[in-house]
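Reader: Please give me a close look at one part of this model, the ligand's surroundings, and then a short walk out from there. I work at the bench, so plain words and clear cut-offs would help me.

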Amino acid sequence: MQRFNTAREAALSLRPDDPVYCFHPSVLKADARQFMEMFPGRTAYAVKTNGEELVLRALAEAGIEVFDVASPAEFKAVRNVAPNAEMLYMHPIKAQSDIRLALETYGIRVTVVDHEDEINKINKIVRALDIDPGAMTVFVRIQTKGHAAYELSKKFGAGAAHAVELLQRLHRTGYKVGICFHVGSQIEDPETYERALASADWVRNRAAVPLVGLDVGGGFPAEYGHDPNRKTPDLPSLGQIMSRLRGDIDEWGFSDLPLVAEPGRVIVARAFSLIVRVLLRKGKRLYINDGIWASLSDSWTGKITLPARFIPDPAIRQRNGDENKIVPFKVCGATCDSVDILSRPFWLPETVDTGDWIEIGHIGAYSLSLRTRFNGFYPDTFVEVTTPFDEGDTPQGFASLETMAD
Ligand SMILES: *Cc1c(COP(=O)(O)O)cnc(C)c1O
């Protein structure tokens, strides 16, 4: 992989027409280590957030020894780069054949359920493979309610009374049991975890079976750009969320249990930036070579503020406007699909034009993993960039939360 000091150097040297992912391995490792230091338990990286081999490898080098996986492709990706790492198979709804593969081929012994029929599936495989249920830890996922940018409890999780039955049934069969939840992604309210811990406490007391662990899932917020137009207060920092969580864990009496977290976004978001090219400027619209069907689907929701840095093409001699004036542009994606328009404008210098590049920061989470081949566009060029996005020149722009008239 080619290596550059900054994305600007990469853009001016490669003059890329295709999007280029700038990988910042030192940022990834620092963010992973910071999380591990802050969290009072084991850190299981959620592979779905970004399962690129270079990411998994760097995380293993940073000391991550546990991975949250959900599919055969993820089992394989982790095994390839970190053969000794432990995998937690934390998808509540699994194909029978995938359970077998996990237990038989990958030796996975930790998983999760939120329904009795899922227990039946696991029982079948455990019996067929003659595994001692006591060698398995099965978490019961409980429903949570909270304020995350992306809510997930509507889809997974057992209600509290149901979770009690599941725990008791698993315990009777001889499994080791734990409680887990996942509050959604990019939580915005520090009380989210406390509400989930309160439910977990209720379930624990009613179930009255020995627990071997509590898994608090993901949801930890990554720091994105700052949007000066945002009227609501800034989100709590990871440090604030984490000290609140540690206090809540103590208060609800969970500190004696082995703890696990499954962070994704907070570990990998800042590890990548993306160089895109302006294929055409049409008035206040910029048509770029990436979009919601490739690297920018997560930002399409408009819930995160991506910082952006302008990389003017020096070959453009004549420019209109004032380079110090930052104005909003509507950003249109590369495909021929009319929904492929970013929901929020990007604020950039007024002089931006056809042929210029934009470096979009903090796109490491749910960007590469959500790429599609729609219309034949599939960004797949990587370079290593040694200067972290946040340490370069101040970003001139950002994807604003303000909407913009056509
Ligand atoms: C997606 C997911 C995660 C990671 O969530 P982040 O918000 O990216 O930290 C963790 N656990 C489960 C079960 C998930 O589905």
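Author: Let's start at the ligand: 15 residues surround it, and K48, S185, E262, R265 and Y366 come nearest. A residue is listed as near when one of its heavy atoms lies within 4 Å of the molecule. Before we go on, please keep in mind that this is a predicted model, in which local features need pLDDT of at least 70 and side-chain atom pairs count only at pLDDT 80 or more, while totals for chains, interfaces and linings use all residues. Residues are numbered from 1 along each chain as its sequence is written, and side-chain values use heavy atoms, with hydrogens and water left out.

The shell around the ligand is made up of three nonpolar, seven polar and five charged residues. Here Ala, Val, Leu, Ile, Met, Phe, Trp, Tyr, Cys and Pro count as nonpolar, Asp, Glu, Lys and Arg as charged, and the others, Gly among them, as polar.

Now for some polar contacts, meaning pairs of N or O atoms within 3.5 Å; within protein, one atom must be able to donate a hydrogen and the other to accept it, and residues adjacent in sequence count only if both atoms are side-chain atoms. An N or O atom in the side chain of E262 sits 2.5 Å from a nitrogen atom of the ligand. From D68, a polar side-chain atom lies 3.4 Å from a ligand nitrogen atom. G219 takes part through its backbone, with a polar atom 3.1 Å from an oxygen atom of the ligand. The ligand exposes 390 Å² when taken alone, and the protein buries 92% of that (Shrake-Rupley method, 1.4 Å probe; for residues, only the protein chains shown count as cover).

K48 deserves its own stop. An unreviewed UniProt entry annotates K48 as "modified residue: N6-(pyridoxal phosphate)lysine". Such positions are given in the numbering used here, with feature names shortened, and the annotations may be inferred rather than shown by experiment. K48 belongs to the loop between strand 3 (42–46) and helix 3 (53–62); helices (H or I, at least four residues) and strands (E, at least two) are DSSP runs, numbered from the N terminus. Not counting residues up to four places away in sequence, K48 touches E74, Y366 and S369, where contact means heavy atoms within 4.5 Å. K48 counts as partly exposed because its relative accessibility is 44%; buried means under 20% relative accessible area, exposed over 50%, and partly exposed in between (1.4 Å probe, protein chains only).

The unreviewed UniProt entry also carries an "active site" annotation, which covers C336. C336 is placed in the loop between strand 16 (326–332) and strand 17 (346–349), and counts as exposed because its relative accessibility is 72%.

Turning to helix 8, D201 is found there. D201 is buried because its relative accessible area is 14%, and, leaving aside neighbours within four places in sequence, D201 is in contact with W252 and F254. The loop between helix 8 (192–207) and strand 11 (211–215) holds A208. Most residues other than glycine have a negative phi, yet phi of A208 is positive, near 50 degrees.
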